[in-house]
Amino acid sequence: SDRYERFRLSLLRDDGTAILHTARLARDSNGDLHLGFNSTLLPDGMYRLRIEGYTRRGELQPFAEARLQIAGR
């Protein structure tokens, strides 16, 4: 979507506890948004990756959400 120029990404445990916040992320020259992290640092369980877009006024609006499961190493 081209509705937003900047984004905030949040990684939350399934109980809602925040693990990671990244703010004011911009797309790369190809228009892609990239985030990388080492999942071996996370305990087994369910997580939510929430993506919000900043409006022109600086307000956050929900954009997308994905569920992640970390299990068995």
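Select leucine 9 first, and then threonine 22 in β2, which stands opposite leucine 9. The model on display is a predicted one. The two strands to show around this pair are β1, residues 6–13, and β2; they pair in the antiparallel sense over 6 bridges.

**The whole sheet**

Next, display the complete chain as a cartoon. The protein has 4 strands and 0 helices, and from the N terminus on its elements run β-β-β-β. The 4 strands form an open sheet in the order β2-β1-β3-β4, with antiparallel pairing. Colour β2 (18–26) and β4 separately: these stand at the edges with a single partner strand each, so one side of each is left without a neighbour in the sheet. Neighbouring strands of this sheet are turned against each other by 15° on average, direction ignored. Strands of a sheet pair through backbone hydrogen bonds, either parallel or antiparallel.

With the chain in view, a few overall values may be noted. Taken along the principal axes, the C-alpha atoms fill a box of roughly 40 × 25 × 15 Å. Of the 73 residues in the protein, 23% are buried. Among contacts with a separation of 6 or more, 50% come from residues 24 or more positions apart. Switching to a surface representation shows an accessible surface of about 5300 Å², of which carbon and sulfur atoms hold 46%. Colouring by charge brings out 12 positive and 10 negative side chains, and the centres of these two sets lie 4 Å apart.

**Strand β3 and arginine 48**

Now select β3, residues 45–54. This strand is largely enclosed by the rest of the structure, because 7 of its 10 residues are buried. On one flank, 7 bridges join β3 to β1, and the two run antiparallel. β3 is joined to β4 by 10 bridges, again in the antiparallel sense.

Within β3, pick arginine 48. Is arginine 48 buried or exposed? At 17% relative accessibility, arginine 48 counts as buried, because the cut-off for that class is under 20%. Its bridge partner in β4 is arginine 67. Show the surrounding side chains as sticks: leaving aside neighbours within four places in sequence, arginine 48 is in contact with Ser10, Leu11, Leu12, Arg13, Asp14, Gly16, Glu65, Ala66 and Arg67.

**Glycine 53 across three strands**

Move along β3 to glycine 53. Phenylalanine 7 stands opposite this glycine, and glycine 53 in turn stands opposite glutamine 61 in β4. Then add arginine 3, in the segment before β1. The C-alpha atoms of arginine 3 and glycine 53 are separated by 8.0 Å, although the two residues are 50 residues apart along the chain. Arginine 3 counts as exposed, at 55% relative accessibility.

**The β3–β4 hairpin**

Continue from β3 into the loop that leads to β4, residues 60–70. β3 and β4 form a hairpin with 5 residues between them. Centre the view on glycine 58 in the turn, where phi is positive, at about 85°.

Two other residues of this loop merit selection. The first stop is threonine 55, placed in the loop between β3 and β4. Threonine 55 is buried, with a relative accessible area of 19%. Which residues does threonine 55 touch, not counting those up to four places away in sequence? They are Tyr4 and Gln61. Gln61 has already appeared on this tour, as the β4 residue opposite glycine 53.

The second stop is arginine 57, which is also placed in the loop between β3 and β4. Arginine 57 counts as exposed, at 73% relative accessibility. To finish, draw a distance from the C-alpha atom of arginine 57 to that of leucine 68: the separation is 31 Å, with the two residues 11 residues apart along the chain.

Technical notes: Residues are numbered from 1 along each chain as its sequence is written. This is a predicted model: local features need pLDDT of at least 70, side-chain atom pairs count only at pLDDT 80 or more; totals for chains, interfaces and linings use all residues. Side-chain values use heavy atoms; hydrogens and water are left out. Buried means under 20% relative accessible area, exposed over 50%, partly exposed in between (1.4 Å probe, protein chains only). Contact means heavy atoms within 4.5 Å. Two strands pair if DSSP finds at least two bridges between them. Axes are lines fitted to C-alpha atoms, for helices over the stretch in contact, and angles run from 0 to 180 degrees between N-to-C directions. Accessible areas come from the Shrake-Rupley method with a 1.4 Å probe; for residues, only the protein chains shown count as cover. Lys and Arg count as positive and Asp and Glu as negative; His and the chain ends are not counted. The place of a charge is taken as NZ of Lys, CZ of Arg, CG of Asp or CD of Glu.
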